[in-house]
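Here is a friendly walk through one structure, with stops at some aromatic rings, a strand pair and a ligand site. Have the viewer open as you read.

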Amino acid sequence: MTEVLQSTPDREELILNMGPHHPSTHGVLRFIVHTDGEIMRKAVPDVGYLHRGLEKIAELQTYPGYMPFTDRINYLEVMFTNMAYATAVEKLLGTEVPPRAEVLRVLVCELNRIASHQITLGCITMDLGAFTPFVHLLRERERINDLMEALCGNRLTFNYMRIGGVSQDVPDEWLKQLEAFLDHFEPVIDEFDSLISYNEILIKRMGEVAVICAEDAVGFGLVGPNLRASGVDWDVRRDLPYGAYPQMDFQVPVGMGEKGTVGDCFDRFIIRVEEMRQSCKILRQCLANLPEGDIKAKVPKMPRPPKGEVYSCVEGARGELGVYLISDGTPKPYRLKWRTGSFAGLSIIEHISRGLMIADLVAVIATLDVIAPEMDR
Amino acid sequence: MTPTIERGPEGGFAVGPIDGLLNLARKHSLWYLLFGTACCAIELMQTGGPRTDTDRFGMVFRSTPRQADVLVLAGTISYKMASRIRLLYDQMAEPKYVIAMGSCANTGGLFQESYAVVKGGDLFLPVDVYIPGCPPRPESLCEGLMLIQQKIEREPWLKKAWGKYKSDKPDPMPTEGCEPLR
Amino acid sequence: MTTASKEICKKLADKLGVVLDFREEAGDPWALIPAERWKQACLTARDEPELSFNFLRSLCGVDRPDDGVIEVVAHLFSYQHRHALVIHTNTDRSASRLESVSSVWPAAIWHERETFDLFGVDFTGNPDLRRILLPEDWVGHPLLKDYEEPDSYRGIPTTRPGYEKKKFGPQLKKPAPKKPAPKVEKKPEGGEAPKGTAGSAEQK
Ligand code: SF4
């Protein structure tokens, strides 16, 4: 929905309002676009339409009691938010997670990363006007949802991890299903590539559009795929290893400027396709060497971490996902703060939107992969 | 009130009250607004996806409220968003229906302790169908949509169109007509 | 981690020419920067080649009503050297104000807006200091420990009719047994607002 709000007669500037309800699929967010004909002067994002006060709620919950709320921080990467919170509390408590639980965590995280990228890639293509790939990817996503439901009983809000481990062990049956899914899904990525990624129209819409240079990307705090697309070779999984990632062998794709300049929309798109391949690779390694043993360390029912503070981060599907947790020795957190990729990602839009066409704005939002709950929390 | 379809010598014909005929047509062309606020929106998308295809009920999504019949409140509603949702609702043409999807839209759900979440969509909109779940499965959303269909079937539509019908669901925040766009 | 942080902190202190308060508790250690040196410290941390903290991970507020301060915490990270630093600073709780670091890291613009929105810290020099998450007409700063929820917002009740109002009010941490004695004196003052200061007075 785009409506004319106000235009000044003396200057040829038109102010358009875009959102908070608009037919792209990133949750509710709004842009105030200053345009000069088709060219944007600037687009000012307005966020907060999904602010749920999850940081305040944390102060009213016990440590294990906050776990279900972490699912709602970002419903597309639930496993990562679970894991970021769990690792933060474990760091404070000094808990050692059993090896089987560590590998299981990596396994579900990578599965979740594929599901999240499927939605992202589908949304990018849908925002650019192609509806079919979106339905294709949703079809594949249903299979992941089925796997997750078999594992933890919900299709979206998994609440799978616990402080000190995971809640359920995986049955062998499930591992076979996962393998069958991987056998099916890896060719689908190639099909996606040949059908969509190198489609001429998509390249024209995304190549050379909204180039973010490495300096800007670091300065504005972009993380994850957006940062790597700008040519900064950084991945928390590889560079600040946590969990079972040191045992895994995978490549980190970096933007090459394949169809334009390094850091354009196409780079941000193609990196995510490549990451799905790498996730499949990690999943196969997890399946091959899943250790036996416990799935949960011994943690008191009502943990009281010692006084202190900790920052713990994991590499989510949208980049570094951090939790800053302060404990005062009571069973409830004193303060909890989420550092999310989308919040920083959106703040750069005002800076890069100058001089773009209006139609490119959706491409920028879609490829930056911002999602409302993560920005607003 | 559903009209019966009969087969005659020169093709078929339907017998029944006009209301029933109109309702039959309305019931099978429910267009919903493509709009979601939080997690439940993903399930709304999946419901429109290949597995539980809502197109078979004649339900397709529309991107503008002017063409939509059903508003699905999919997700948590914050105070900042509530006034915008009300604006969207006011822009929809009569007859319009509201489905509250998920516990957040029903009662505020998980976020009872939050300072920023509206404790239920029915505090500012007349809601027709409530779907429990966090998030509801696509199947339950389909059931909710079918409940709306049943409701439409029973409605005395002509009376309603002439303004002689009082709804049993009063609007908690009535607006006079449509708010003009700024 | 701790020794590395200590060295980094020492380097920063040398460059600034002050002695920094370095705290180690469970978890991550951190350094306390005097509020008037805040921006200078950030600038040094970014520009000194040995430190080169080019990535502002997060910037947030922490309310400490018992001490009468609102802390501002910044998490810094350097991609070149792969080291991290946590710096705190204290601002006065009744009139909290701090120099903005948005010219050091552009990412700080939004982080500071968020801190302003939720804690009411006034960042001087921020080019765009408005509410970001909450509506413009919102009253109060909800992440303060003594924030109290109003009964309704724009005609929408904040509690579901028929339900009990959630006890969401002051979560000031006060030792319970101590409370009765000063209560008698404090009673005539009444009001909710001075609770924070009352708590701090008790502590001292
Ligand atoms: S009901 Fe549950 S899944 Fe739906 S929006 Fe609320 S928290 Fe999210």
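A residue is called buried when its relative accessible area is under 20%. The model shown here is a predicted one, and both B:Tyr79 and C:Trp138 are buried in it.

**Aromatic pairs**

Over all chains, the search of the whole structure turns up 17 aromatic pairs. A pair of aromatic rings is described by the distance of the centres and the angle of the planes. Two of these pairs are set out below.

| Pair | Distance of centres | Angle of planes | Class |
|---|---|---|---|
| A:Phe266 and A:Phe269 | 6.3 Å | 35° | tilted |
| B:Tyr79 and C:Trp138 | 6.1 Å | 45° | tilted |

Why do A:Phe266 and A:Phe269 lie about one helical turn apart? They are 3 residues apart in helix α11 of chain A, which spans residues 265-288. A:Phe266 has 0% relative accessibility, so it counts as buried. A:Phe269 also counts as buried, because its relative accessibility is 0%.

The rings of B:Tyr79 and C:Trp138 belong to a pair that crosses between chains. B:Tyr79 is in helix α3 (residues 79-91) of chain B, while C:Trp138 is in the loop between β8 (122-124) and β9 (152-153) of chain C. Elsewhere, one aromatic cluster is made up of A:Tyr66, A:Phe69, A:Tyr85 and B:Phe111.

**A covered hairpin in chain A**

How many residues of strand β7 of chain A are buried? The strand runs over residues 308-316, and 9 of its 9 residues are buried. A:Gly308, A:Val310, A:Ser312, A:Val314 and A:Gly316 point one way from β7(A), whereas A:Glu309, A:Tyr311, A:Cys313 and A:Glu315 point the other way.

The partner of β7(A) is strand β8 (residues 319-327) of chain A, and the two pair in the antiparallel sense over 9 bridges. One such link joins A:Gly308 to its bridge partner A:Ser327 in β8(A). With 2 residues between them, β7(A) and β8(A) form a hairpin.

**The ligand site**

Where does the ligand lie? It is found between chains A and B, and it sits in the largest cavity. Two elements of chain B, α2 (39-48) and α4 (102-107), give two or more residues to the shell around the ligand. Of these, α4(B) gives the most, with 3 residues.

There are 13 residues around the ligand, and B:Cys39, B:Cys40, B:Ser103, B:Cys104 and B:Cys134 come nearest. By type, the shell divides into 7 nonpolar, 5 polar and 1 charged.

How values were computed. Residues are numbered from 1 along each chain as its sequence is written. Chains are lettered from A and ligands numbered from 1 in the order in which they are written. This is a predicted model: local features need pLDDT of at least 70, side-chain atom pairs count only at pLDDT 80 or more; totals for chains, interfaces and linings use all residues. Side-chain values use heavy atoms; hydrogens and water are left out. A residue is near a molecule or strand if one of its heavy atoms lies within 4 Å of it. On a 1 Å grid over the protein atoms alone, a cavity is a set of points where a 1.4 Å probe fits but cannot get out, and a pocket is an open set with protein on both sides within 12 Å along at least five of seven lines; lining residues have an atom within 4 Å of a point. A molecule sits in a cavity or pocket if more than half of its atoms lie within 2 Å of its grid points. Helices (H or I, at least four residues) and strands (E, at least two) are DSSP runs, numbered from the N terminus. Ala, Val, Leu, Ile, Met, Phe, Trp, Tyr, Cys and Pro count as nonpolar, Asp, Glu, Lys and Arg as charged, and the others, Gly among them, as polar. Buried means under 20% relative accessible area, exposed over 50%, partly exposed in between (1.4 Å probe, protein chains only). Two strands pair if DSSP finds at least two bridges between them. Rings of Phe, Tyr and Trp (its six-membered ring) pair if their centres lie within 6.5 Å; planes under 30 degrees apart count as stacked, over 60 as edge-to-face and the rest as tilted.
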